[in-house]
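Here are a few exercises to work through with the structure open beside you. Try each task before you read its solution.

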Amino acid sequence: MTIDWSWIADHTDDLTTLSVSHLQAALSAVFLGLLISLPLAVIAHRIRPLRGFLLGLSNVLFTIPSIAIFVLLLPVSGLTRTTTVIGLTIYTLVVLLRNTVEGLDSVPAKTKEAAKAMGTRPLRTLLTVELPLALPVIMAGVRIATVMSISLVSVATYIGDGGLGQLFTDGFQRNFPTPVIAGVVLTLLLALVADALLVALQYVLTPWTRKRGA
């Protein structure tokens with residue numbers, strides 16, 4: 001299997017456009033997944049009877065094949081980027097919801113009691129005490145969800161989207177391996193770079209973990 005480097009040089013603009021489109025779809029899904037999972041995780045953490053239901057529901061949604069989700073969404077949102085983002089968002093929920101719940105569970109009870117004793121309101125305690133202390137666990141979920149979303153965007157090629165996945169289709173249809181290899185390499189690079197940036201972001205946002213490890 002050989003790589004046609006001249007093809008890559010001639011299609012640099014196309015590769016850049018597809019990479020940006022690929023990343024936008026993945027990050028949009030993770031962002032929406034966070035917006036949905038954070039309040040649901042707080043509910044699951046505070047109201048124990050709902051915990052099993054919410055986590056179980058996210059697990060059930062995760063078992064649906066990705067192509068099936070996109071197909072089921074077609075009558076609602078059509079052959080659009082919206083279908084891709086909604087489908088990917090559904091997959092992020094199982095990771096983001098569970099990690100956020102586990103992160104909130106990891107906050108020591110004595111810490112919350114101290115905040116309550118100081119007269120801190122529940123909402124402020126959540127925002128200034130519980131979520132910051134749960135952040136390392138939440139960020140671990142964000143990293144997994146981001147890498148997973150980047151890898152799944154290509155499946156949306158079946159509905160006319162898919163970012164770098166279009167290179168796979170093009171290469172297979174023409175029996176031309178160069179686009180396929182380029183798509184695989186670029187997808188891996190996007191995942192590695194995104195993960196590295198999230199690690200750096202977590203490092204900046206959680207200075208107390210550095211002091212603890214020193």
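**Exercise 1.** Find which residue just after α8 takes a positive phi, then work out which residues of α8 are buried and where they sit around the axis.

*Solution.* Start at asparagine 175: this residue, just after α8, has a positive phi of about 55°. A quick note on the ground rules: this is a predicted model, where local features need pLDDT of at least 70, side-chain atom pairs count only at pLDDT 80 or more, and totals for chains, interfaces and linings use all residues. Residues are numbered from 1 along each chain as its sequence is written, and side-chain values use heavy atoms, leaving out hydrogens and water.

Now step back into α8, residues 165-174 (helices are DSSP runs of H or I, at least four residues, numbered from the N terminus). Its buried residues (under 20% relative accessible area, 1.4 Å probe, protein chains only) are Gly165, Leu167, Phe168 and Gly171. They cover an arc of only 150° around the axis (taken from the directions from the helix axis to the C-beta atoms), so they lie on the same side of α8.

Last step: these buried residues pack against α1 (5-10), α2 and α9 (contact means heavy atoms within 4.5 Å).

**Exercise 2.** Work out how many residues of α5 are buried, and where α5 has a kink.

*Solution.* First, count: 19 of the 25 residues of α5 are buried, so the rest of the structure largely encloses this helix. Next, follow its axis: a kink of about 35° is centred on threonine 92 (the angle between axes fitted to the seven residues ending there and the seven starting there).

Key. Helices (H or I, at least four residues) and strands (E, at least two) are DSSP runs, numbered from the N terminus. Buried means under 20% relative accessible area, exposed over 50%, partly exposed in between (1.4 Å probe, protein chains only).
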